[in-house]
Amino acid sequence: MKHIIAASMFPLAFSSIALAQDSQSTEALYEGEQHVVAAGRPAVSYYLEGNKDQPLIVFIPGAAHSARIAYGGHEGGNEEDFLAHWLQNRGYNFLGVSYPIDTESGLFEEDQPDFTVRDWGRQAMEIAQTVIDENNLTGGVVVIGWSMGGKIPQAVYEAAGELGVPFDFYLSFVATPAIPGMTSLTRTFEMAESGYGDRSSSANGWVKQLAANDALNGHEIIPEDIYRSQYIGEMSVNLEGVEQRYRDGAFVMDWAEGLEDNGAFQFENFPLVAMILNDERADSRHAIVDKAAWSFYNANTVFHRYVGSEDVDINALSDAQWQSVLDLTRTSPDRLIREVSGNHFFFVGEDGARASAAAIDDLVDRVHAWRSDMSAALGTELDPLQ
């Protein structure tokens, strides 16, 4: 049973993460943030405490963004405009993990142009495991991947298994899977002085969408100068997709390395995926494609990991059980989805943040109910946290 709690009960509670502490200056950090080193790489972590028996929601940001987009913290900002506040209000534990980016404000001092998706997934799960251990959390882990965070589900799932993290499911926040061709096969990026990919051309479009959210909410959520200098920056080109890679100080094209890094075709080793879809023309690709793209992975999860389990003899299932397996698989695209109206930043601004937290709350129940039904159909108890 979930418990609603007031955010004021745990104002910016943050674990003293027992990972290697980064020696970087704290001047660029917001209250509650902490520099850490995980998987041998720097990260910025932010933890909000909820109820110990509820899930830890781990937020993974998209291209060129810090996880601040989910929790805010800039001077003059309103916590009610951000997702983390409303998740904590519903009793969830929240962890935002920012991978290395080069911001104008100097959030990270050292560049990591060779940072990979494997590093990304391992880093997030090492930090999550430490937070679980230090705070005695028992509700499992739900990983939210926003936008380019769609490249991380296989990496976090694999890392969670290796580390013993109680992984529940992956939640796509209008996220793009690592399937080649989901985004342009020919798009490339210029190298910045940092060795990162230059993403500056994307910023104007992001600012425009955030301004639309300002209008909907009746106030400025993130001032443009703060957003450009403190929320976004250049990042490793390795996280973009599958083709362009950083190697020995240069960008090269290596499809095989990219596909291995992303784990796009590891259908037998992929988490169950739930989705939040949006509906705006400004984000038409996600609004149209995401449901089909992620449901493709879920069908393969059923086939490879559930039906293909050594605990399941498909020929021993009754006709009724087999029909239930088919029905559950074919209806999962509707059962494991919620829609929140908005653009690519649908969860930014009080109305969207609150609605997104409610949708997550519902999806936790939906995923658990669907998995329970699938267990009954297969005649074996599927691990509720795998």
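# A tour of rings, charges and empty space

Start by selecting Tyr170, Phe265, Phe267, Phe270, Trp294, Phe296 and Tyr297, which ring pairs link into a cluster. Keep in mind as you go that this is a predicted model.

**Stop 1: aromatic pairs**

Across the whole structure, a search turns up 22 aromatic pairs. From the cluster, pick out Phe267 and Tyr297: their rings are tilted, 5.8 Å centre to centre, with 50° between the planes. Colour by secondary structure and you will find Phe267 in the loop between helix H7 (255-262) and strand S12 (273-277), while Tyr297 belongs to helix H8 (residues 284-307), so this pair ties together parts that are 30 residues apart in sequence. Are these two rings buried or exposed? Phe267 is buried, at a relative accessible area of 18%, and Tyr297 is buried too, at 1%. The cut-off for buried is under 20%, so the 18% of Phe267 falls on the buried side.

Now follow helix H8 along to Tyr306, which forms a tilted aromatic pair with Trp370: 6.3 Å centre to centre and 40° between the planes. Tyr306 lies in helix H8 and Trp370 in helix H10 (residues 350-378), so the contact ties together parts that are 64 residues apart in sequence. Both Tyr306 and Trp370 are buried.

**Stop 2: charges over rings**

Next, select Arg68 together with Tyr30. The charged end of Arg68 sits over the Tyr30 ring, 3.6 Å from its centre. Then move to Arg354 and Trp86, where the charged end of Arg354 sits over the ring of Trp86, 4.6 Å from its centre.

**Stop 3: salt bridges**

The whole structure holds 21 salt bridges. Which residues meet Arg41 in such contacts? One is Asp114, whose side chain meets that of Arg41 at 2.8 Å, N to O. Asp114 lies in the loop between strand S6 (101-102) and helix H3 (117-135), and Arg41 in strand S3 (residues 41-48), so the pair ties together parts that are 73 residues apart in sequence. Asp114 counts as partly exposed, at 37% relative accessibility, whereas Arg41 is buried, at a relative accessible area of 12%.

Leave Arg41 selected and add Asp119: here the closest N and O atoms of the salt bridge are 3.1 Å apart. With Arg41 in strand S3 and Asp119 in helix H3, this pair ties together parts that are 78 residues apart in sequence. Asp119 counts as buried, at 17% relative accessibility.

For a salt bridge within one helix, go to Glu224 and Arg228, whose closest N and O atoms are 2.8 Å apart. Both lie in helix H6 (residues 224-231), 4 residues apart, or about one turn of the helix. Glu224 counts as partly exposed at 39% relative accessibility, and Arg228 is partly exposed at 27%.

Before leaving the charges, select Arg245, Arg247, Asp254, Glu257 and Asp261: salt bridges that share partners join these residues into one network.

**Stop 4: the largest pocket**

Turn on a surface view and look for the largest pocket, which has about 590 Å³ of space. To centre your view, select Ser147, Thr183, Arg187, Arg199 and Arg285, the closest to the pocket's centre of the 30 residues that line it. Helix H5 (203-217) and helix H8 are the elements that give two or more residues to this lining. What does the lining of the largest pocket hold by class? There are 8 nonpolar, 15 polar and 7 charged residues.

**Stop 5: the cavities**

Finally, go inside. The structure holds 2 cavities of 30 Å³ or more. About 80 Å³ of space lies in the largest cavity. Its lining has 15 residues, and those nearest its centre are Ile179, Thr183, Gly241, Val242 and Glu243. You will recognise Thr183 from the pocket lining. By class, the lining of the largest cavity divides into 7 nonpolar, 5 polar and 3 charged residues.

The second largest cavity has a volume of about 40 Å³. Among the residues that line this cavity are Lys151, Pro153, Asn262, Phe270 and Tyr297. Its lining has 6 nonpolar, 4 polar and 1 charged residues by class. With Phe270 and Tyr297 you are back at members of the aromatic cluster, where the tour began.

Notes: Residues numbered from 1 in each chain as written. Predicted model: local features only at pLDDT ≥ 70, side-chain atom pairs only at ≥ 80, totals over all residues. Heavy atoms only, no water. Phe/Tyr/Trp six-rings, centres within 6.5 Å; stacked < 30°, edge-to-face > 60°. Buried < 20%, exposed > 50% of the residue type's maximum accessible area, 1.4 Å probe, protein only. Lys NZ or Arg CZ within 6 Å of the ring centre and 35° of its normal. 1 Å grid on protein atoms, 1.4 Å probe; cavity = no way out; pocket = protein on both sides within 12 Å on 5 of 7 lines; lining within 4 Å. Points joined across faces, edges and corners; volume = space filled by probe spheres on them. Nonpolar A, V, L, I, M, F, W, Y, C, P; charged D, E, K, R; others polar. Salt bridge = Lys/Arg side-chain N within 4 Å of Asp/Glu carboxyl O.
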